[in-house]
Amino acid sequence: MGIISLRDDSLRIALVVRVIAAAHLTYGLYYEFFCIKPPSHLKNYTTGGKFKYMTNWNLCLETVYFWFAIVDSLVSECSDNEKKPLRKIRDHYFLSVVFPLSSFVSFTFWVLFAVDRELVMPKAVDQFFPSWLNHTVHTFIVVYSVLELLTSYHRCTQTIYKQCVALWIVTILYVIWCHIVHYQTNLWVYPILNELSFPFRMLFFLGCLLLATVFLTIGFYGNNSIWKRRIEKKSLDINSHNQV
């Protein structure tokens, strides 16, 4: 697909979405890391550090993305360089990490929460973890990712391989970190892992990796499908205008 300047209302809408997302997620990040103080008797939440949760990995990665996307938007508007190196990084980052990871975190959390919330967020957590923050880190993460997908075109290669490799690296690093935390504290990050034997635990992690890859595939081809039609329509409108 060719590069077509879309310096119109769509760019302003995309920028507004990014500013709102960045501000909201930044405040959630601040509140999670500096204001949440679990009671000392809840060992699962006072040991292992904040980064033992995939939710917090995603929150950090997504917050960084939206601030980076804001910078890219402002720099691109002031530049006529069509190559836009920042945009290439932004697009790869979004399609390979932000969209699939936020979708995976939100989907798995709410599915397990609906089945048995004690597997992911026991009721004891409600006394120190407010509902609005729960929705910030488990609901709005995917809302903002979908809005970003719909309001901004992310140019990508014709192959999905590079995106998959980036996602798998992040996911495998997190699985390794889970085992390091368990080795140091003798506690699994999520209660559901206590219910699984080693073979089933490995299958669980593999299933999570495959599910995240499914979301990556949805984002990759969804982006191409949505924006191919929009760009083709934009080209037709420009050609029709030039012929008048």
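On the surface of this predicted model, F51, W168, I169, I172, L173, I176, W177 and I180 form a nonpolar patch, with about 700 Å² of accessible area together. One of its members, W177, sits in helix 7 (residues 161-185). With a relative accessible area of 30%, W177 is partly exposed.

Let's turn to the aromatic rings. The whole structure holds 22 aromatic pairs. Among them is the edge-to-face pair of F109 and W110, whose ring centres are 4.8 Å apart and whose planes meet at 85°. F109 counts as buried at 7% relative accessibility, while W110 is partly exposed at 27%. Elsewhere, ring pairs join Y65, F66, Y93, F94, F99, F140 and Y144 into a cluster.

Now for the charges. Side chains of opposite charge can pair when their charged atoms come close. Here the count comes to six salt bridges. In one of them, E148 and R18 meet with an N to O distance of 2.9 Å. E148 belongs to helix 6 (residues 140-151) and R18 to helix 1 (residues 9-34), so this contact ties together parts that are 130 residues apart in sequence. Both E148 and R18 are buried.

Another salt bridge joins D72 and R90, with the closest N and O atoms 3.1 Å apart. This pair links helix 3 (residues 54-77), home of D72, to helix 4 (residues 85-116), home of R90, across 18 residues. D72 is buried at 1% relative accessible area, and R90 is buried at 1%. D72 and R90 also take part in a salt-bridge network with R87 and D91.

Finally, R117 pairs with D126 in a salt bridge, the closest N and O atoms being 2.9 Å apart. Here R117 is buried, at 15% relative accessible area, whereas D126 is partly exposed, at 44%.

Note on methods: Residues are numbered from 1 along each chain as its sequence is written. This is a predicted model: local features need pLDDT of at least 70, side-chain atom pairs count only at pLDDT 80 or more; totals for chains, interfaces and linings use all residues. Side-chain values use heavy atoms; hydrogens and water are left out. Patches are made of residues with over 30% relative accessible area and no salt bridge: like charges are joined within 9 Å, nonpolar side chains (Val, Leu, Ile, Met, Phe, Trp, Tyr) within 5 Å. Accessible areas come from the Shrake-Rupley method with a 1.4 Å probe; for residues, only the protein chains shown count as cover. A salt bridge is a side-chain nitrogen of Lys or Arg within 4 Å of a carboxyl oxygen of Asp or Glu. Helices (H or I, at least four residues) and strands (E, at least two) are DSSP runs, numbered from the N terminus. Buried means under 20% relative accessible area, exposed over 50%, partly exposed in between (1.4 Å probe, protein chains only). Rings of Phe, Tyr and Trp (its six-membered ring) pair if their centres lie within 6.5 Å; planes under 30 degrees apart count as stacked, over 60 as edge-to-face and the rest as tilted.
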